[in-house]
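Trainee: I would like to learn how to read strands and sheets in a model. Could we start from one residue and work outward?

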Amino acid sequence: VTGKTCFVGHITASGNISSSGEVRSKDVSANFGMFGTGDSAGNPIARNGDFGLQVTKYGGNAQVLVERVGNAELLINTTHESADIGSRNNYPLHILHNNTDRVKIDAVGINVIGHITASGNISASGVISSSRLYVNVDGSSGYQDYILQVQEDRANKFTVDGGGNISPAGTLYIPQYITHTGDTDTGLEFA
C-alpha cells in the first residue's frame, strides 16, 4: 500500500509491520513496547524480553522524556559515560516509596525523609547541622579509639576517647560547675 490510506476496523498481521516514516495512533496496546533506532548498517534493535518497554539508540545519547504539557518533565538520559535521571523546567524531583516521599531534590538541595545509613565515610565541605549527634564506634576500629575527633588542618582540636576522656587543644570554658559522677556533693564551682 502506498500513499495515504485510512483503514476503518481492525488490522491483523501475523508478521512484522514496519514503517520508514511516522506511525501515529490514538492508543497502542501491546504485550511489549520497543522503540529505537537501528545501527549504522541498518540492523534493527534487538529485543530484550526481560523488559516491558525498551528504548534503544545506537550512537549519541538515548533520551526518554515523560511530560505533562506545561508541567513537570521527567528526563531519562544515557550517554557513553553515565545514566542520568532528572526533572526539567525547574520542577523538583521526588523519589517515592509506597507512594510516600522519601527523597526530594530541588534547586535548594536534597531532602531525605527518613534515616540515612552509610557503610563508608561521609564528608562535607560545608556546615553539618543536626538537633542531635549520636556516635557509636567499635574500639577496635583503628581510629586511635576516639569516639569523637574534631580536627583543623589535621591537628586535633577536641577529642573524646573510648574511655570517656576529653582532650581539648585549647581552653575549656566551664559556665559554673564540674561535678563528680555518682557523688553530687563533690565538685568545683566557678563563680
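Mentor: This is a predicted model. We start with Glu73, which lies in strand 4.

Trainee: Is Glu73 buried or exposed?

Mentor: A residue counts as buried when its relative accessible area is under 20%. Glu73 has 12% relative accessibility, so Glu73 is classed as buried.

Trainee: Which residues does Glu73 touch, leaving out those up to four places away in sequence?

Mentor: They are Leu65, Val66, Glu67, Gly86, Ser87, Arg88 and Asn89. With Arg88 there is also a polar contact, side chain to side chain, at 2.7 Å.

Trainee: How are strands held side by side in a sheet?

Mentor: In general, the strands of a sheet pair through backbone hydrogen bonds, in a parallel or an antiparallel sense. Here, strand 4 covers residues 73–78 and strand 5 covers residues 83–88, and the two pair in the antiparallel sense over 6 bridges.

Trainee: Which residues of strand 5 stand opposite Ile76 and Asn77?

Mentor: Ile76 faces Ile85 across the pair, and Asn77 stands opposite Asp84.

Trainee: What should I expect of side chains along a strand?

Mentor: In a regular strand they alternate between the two faces of the sheet.

Trainee: What joins strand 4 to strand 5?

Mentor: A hairpin does, passing through 4 residues.

Trainee: What is the strand order in the open sheet that contains strand 4?

Mentor: The order is 3-4-5, which makes an open sheet of 3 strands with antiparallel pairing. Strand 3 (62–67) and strand 5 are the edge strands, each pairing on one side only. On average, neighbouring strands in this sheet are turned by 15° against each other, with direction ignored.

Trainee: Now I would like to try another sheet. What is the order of the open sheet that contains strand 10?

Mentor: That open sheet has 3 strands in the order 9-10-11, again with antiparallel pairing. To find its edges, look for strands that pair on one side only: these are strand 9 (146–152) and strand 11 (166–168). From one strand to the next, the twist averages 15°.

Trainee: How many bridges join strand 9 to strand 10?

Mentor: There are 6 bridges between strand 9 and strand 10, the latter spanning residues 155–161, and the two run antiparallel.

Trainee: Which residue of strand 10 stands opposite Gln151?

Mentor: Asn156 is the residue across from Gln151. You can read this pair as you read Ile76 and Ile85 in the other sheet, which also stand opposite each other.

Note on methods
Residues numbered from 1 in each chain as written. Predicted model: local features only at pLDDT ≥ 70, side-chain atom pairs only at ≥ 80, totals over all residues. Heavy atoms only, no water. Pairing = 2+ DSSP bridges. Axes fitted to C-alpha atoms, helices over the stretch in contact; angles between N-to-C directions. Buried < 20%, exposed > 50% of the residue type's maximum accessible area, 1.4 Å probe, protein only. Polar contact = N/O pair within 3.5 Å; in protein donor to acceptor, adjacent residues only side chain to side chain. Contact = heavy atoms within 4.5 Å.
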